[in-house]
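Trainee: I would like to learn how to read a structure feature by feature. Could we begin with a single residue and work outwards from there?

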2 protein chains.
Amino acid sequence: MHTETKLILVTNDDGVTAPGIRSLIKVMRRLGEVIVVAPDKPQSGMAHAITVSLPLRYHLLAQEEHYSEYSVNGTPVDCVKLAEKFLLPRRPDLIVSGINHGSNASINVLYSGTMAAVLEGVMLDIPSIGFSLCDYAWDADFISIEPWVEKIARKVLEDGLPRFTGLNVNIPVPVNGKIKGVKVVRQGEGRWEEEFEHRKDPRNKDYFWITGYFKSYDGMPDTDLYALDNGYISVVPVHYDLTAHKAILPLKNLLEDVQEG
Amino acid sequence: MHTETKLILVTNDDGVTAPGIRSLIKVMRRLGEVIVVAPDKPQSGMAHAITVSLPLRYHLLAQEEHYSEYSVNGTPVDCVKLAEKFLLPRRPDLIVSGINHGSNASINVLYSGTMAAVLEGVMLDIPSIGFSLCDYAWDADFISIEPWVEKIARKVLEDGLPRFTGLNVNIPVPVNGKIKGVKVVRQGEGRWEEEFEHRKDPRNKDYFWITGYFKSYDGMPDTDLYALDNGYISVVPVHYDLTAHKAILPLKNLLEDVQEG
């Protein structure tokens, strides 16, 4: 690591007041200069949404040496974009997002605002890490996982990441105070089941709450789901290429002979 | 194709009244029974967002033989979920989304509500196609591209798609009334530049509109950007695995020796 102070952008999707981001800020301040640019209210489930129909504003909430904190009336992706264009004095050395209240393993990466902020950083070719604790509680115990968060972030600051690659880090709730270690794995297969709760309002009209439970369809040892189930932190390297490369050749035969006439 | 009537779910992100979805509905009704479940207002840029803090409702807007149309006060992904769980009489043979007003090529796939609906269909292992016309105008000429939309959808209904794979179909504005054909390609590299317009409100406070222009960083012939630039329809097969598989091995060495102590 060269001796210049590192610049770290911190964001999340649970909003700037969430205990998870307060924990992440505390850890990152040990590693360098920190600028927080986070949503002013919860943005869970906002995925890679951007705000196109409302103007964005930011507010400076705190400022001291090597530390500034802003809230933005937008999504996590809005926060990264606004930070990179306006609020950061220079290109950051690291973007961290979280610590999310709840797992972003498996397909949850697609719904996650936390991880969308990471992918936005990856598009900018800035090393970016999303941290999630597998506990949805607002008062989840972040303190006991802080040493892990610090060590992973420090490693990435020291050694960098492959270009255009971010990390989806999910941390299990420690069992008897222990986490076994770190596994670098792929995104496992899973799905949400029974996703709506159907209710009647006082006028007897139907409405629906999205709910349900996550079900794993993938017990393979090289997955994030397996690592977490077995007491390890899962690290999935992520990129923003959604191409199903193996399908290109078979589909050429199917579709390239389509003609207008 | 077996003789039973095909069931097709139609959705979009520009809202149920958009000319693009009206065009798509017209075409799909030639191919089978159509159920429309689409957002009640524009949801551009909503990506894979789901609605977790408000209850969802649907409204039946139209019903006749082999046709029903619903609006939902949510995102495109909400629409697919609600359709699959409540509104469809059975598993659909095809999900189509669009026709989007504007390109979803390259990284735009990540911001796109149109394509998020497709990925949600892919998670359910239902053949799913997103159609976009590279023209942002509300009164874009959809009629001249309808024969292509019909032929691509018909092919997929007849022959299916590889499992857990959808299609991101982008259609260029015809030049002299002509489109050259179809290319099956990968997601090209590109980025949005100069993304905010900075203004002052009447009280002299700052606000920002997301704006800017898309810039290609990838001139390779096997990309969607190249196909579109050269007058072809681009078809990118898409999946929901964000794992950067090639980065797993190098990162094992970097991160798996991290210890708590």
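Mentor: Let us start in chain A, keeping in mind that this is a predicted model: A:Ile99 lies in strand E5 (residues 94–101) of chain A.

Trainee: What kind of peptide bond joins A:Gly98 and A:Ile99?

Mentor: As a general idea, most peptide bonds are trans. Here the bond between A:Gly98 and A:Ile99 is cis, with an omega of about -15°. In chain B, the peptide bond from B:Gly98 to B:Ile99 is cis as well, with omega near -10°, and B:Ile99 belongs to strand E5 (residues 94–101) of chain B.

Trainee: Turning to the backbone angle phi, what is the value for A:Asn176, and where is A:Asn176 found?

Mentor: Most residues other than glycine have a negative phi. A:Asn176 is not a glycine, yet its phi is positive, near 50°, and this residue sits in the loop between strand E7 (166–171) and strand E8 (181–184) of chain A. B:Asn176 also has a positive phi, of about 50°, and is placed in the loop between strand E7 (166–171) and strand E8 (181–184) of chain B.

Trainee: Does A:Asn176 count as buried or exposed?

Mentor: A residue is called exposed if 12 or fewer other C-beta atoms lie within 10 Å of its own. A:Asn176 has 5 C-beta neighbours inside 10 Å, and therefore counts as exposed; B:Asn176, with 5 such neighbours, is likewise exposed.

Trainee: How should I read the packing of H1 and H5 in chain B, and at what angle do they pack?

Mentor: Two packed helices are described by the angle between their axes and the distance between those axes. In chain B, helix H1 (residues 19–28) packs against helix H5 (residues 146–159) at an angle of about 55°, and the axes are 10 Å apart. H1(B) and H5(B) are therefore oblique to each other, and the crossing is right-handed.

Trainee: Which residues of H1(B) and H5(B) meet?

Mentor: From H1(B) come B:Ser23, B:Leu24, B:Val27 and B:Met28, which meet B:Glu146, B:Val149, B:Glu150 and B:Ala153 of H5(B). Sorted by class, this contact has five nonpolar, one polar and two charged residues.

Trainee: Finally, how can chain A be laid on chain B?

Mentor: Two copies of a chain are related by a rotation about an axis and a shift along it. Here a turn of 180° and a shift of 0.0 Å along the axis lay chain A on chain B with an RMSD of 0.0 Å. The two copies are thus related as by a two-fold rotation axis. Moreover, 100% of the interface residues of chain A are also interface residues in chain B, so the copies meet through the same surface.

Methods: Residues are numbered from 1 along each chain as its sequence is written. Chains are lettered from A and ligands numbered from 1 in the order in which they are written. This is a predicted model: local features need pLDDT of at least 70, side-chain atom pairs count only at pLDDT 80 or more; totals for chains, interfaces and linings use all residues. Axes are lines fitted to C-alpha atoms, for helices over the stretch in contact, and angles run from 0 to 180 degrees between N-to-C directions. Helices (H or I, at least four residues) and strands (E, at least two) are DSSP runs, numbered from the N terminus. Angles under 35 degrees count as roughly parallel, over 145 as roughly antiparallel, 65 to 115 as roughly perpendicular and the rest as oblique. A crossing is left-handed if the near helix is turned anticlockwise from the far one by less than a right angle, and right-handed if clockwise. Two residues are in contact if their C-beta atoms, placed from the backbone, lie within 7 Å. Ala, Val, Leu, Ile, Met, Phe, Trp, Tyr, Cys and Pro count as nonpolar, Asp, Glu, Lys and Arg as charged, and the others, Gly among them, as polar. Copies are superposed by least squares on the C-alpha atoms of residues with pLDDT of at least 70 in both. A residue is buried if 20 or more other C-beta atoms lie within 10 Å of its own, exposed if 12 or fewer, and partly exposed in between; C-beta atoms are placed from the backbone.
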